[in-house]
Amino acid sequence: MTHPRQTPRPARAGRTVLGAATVAMGLIAGVFYAFACAVMPALARADDRTYVAVMRDINDVIQNPVFFLSFLGALVLTAVSAWQLRGSAGGRWAGAALVAYTLAFLVTVAFSVPLNDALAGGGTPASLREHFEDPWVAGNVVRTVLSTVALDPAADAKYADD
């Protein structure tokens, strides 16, 4: 039963968008998580030349339609879900997810991408790595935490009005 001040449960289309947002968010959180606990610790063991070459390759190949569909889709679908669920308890959860992922998105655009671009530039592998590794890893941890936080409210929004 719906509380008089709440809107009814979202229509099937709204649940579909919320489900797609949750899946996209989970995929992105997983990518950031895999980098945080596997990719970057493994690369930390590599020499400077290998580290820079592999990160350049990763930065090149990750720019593909499949990744961008999830990366941008998580933002757009969560925003649509928050709008569709506005005025409900689920809307508050979806709104919280949107805020958290927007921050992760901004960290990527304003922090991680410029570091990636600098790594693609000239310089010695040692110098490039010195200016890249620690800030990028720290920024990725922030993205991992924020996208994981965003995943929980997105999932909870589905059940908030039950």
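Here is a short chat about the predicted model shown above.

User: Before we start, what pLDDT do local features need here?
Analyst: Residues are numbered from 1 along each chain as its sequence is written, and side-chain values use heavy atoms, with hydrogens and water left out. This is a predicted model in which totals for chains, interfaces and linings use all residues, side-chain atom pairs count only at pLDDT 80 or more, and local features need pLDDT of at least 70.

User: How do the elements of the protein run from the N terminus on?
Analyst: Helices (DSSP runs of H or I, at least four residues) and strands (E, at least two) are numbered from the N terminus. The protein has five helices and zero strands. So, with that numbering, the order reads α-α-α-α-α.

User: What share of the 162 residues is buried?
Analyst: Buried means under 20% relative accessible area, with a 1.4 Å probe and protein chains only. For the 162 residues in the protein, that share comes to 37%.

User: Which element gives the most to the largest nonpolar core?
Analyst: A nonpolar core is a set of buried Ala, Val, Leu, Ile, Met, Phe, Trp, Tyr and Cys residues joined through side-chain atoms within 4.5 Å. The largest one holds 14 residues, and Met25, Ile28, Phe71, Ala74, Tyr101 and Ala150 touch the most other members. Two or more residues come from each of α1 (12-43), α3 (65-84), α4 (89-120) and α5 (125-159). With five residues, the top giver is α4.

User: Which residues does Met25 touch, not counting those up to four places away in sequence?
Analyst: Contact means heavy atoms within 4.5 Å. Leaving out residues up to four places away, the list for Met25 is Ala74, Thr78, Tyr101, Ser147, Ala150 and Leu151.

Technical notes: Buried < 20%, exposed > 50% of the residue type's maximum accessible area, 1.4 Å probe, protein only.
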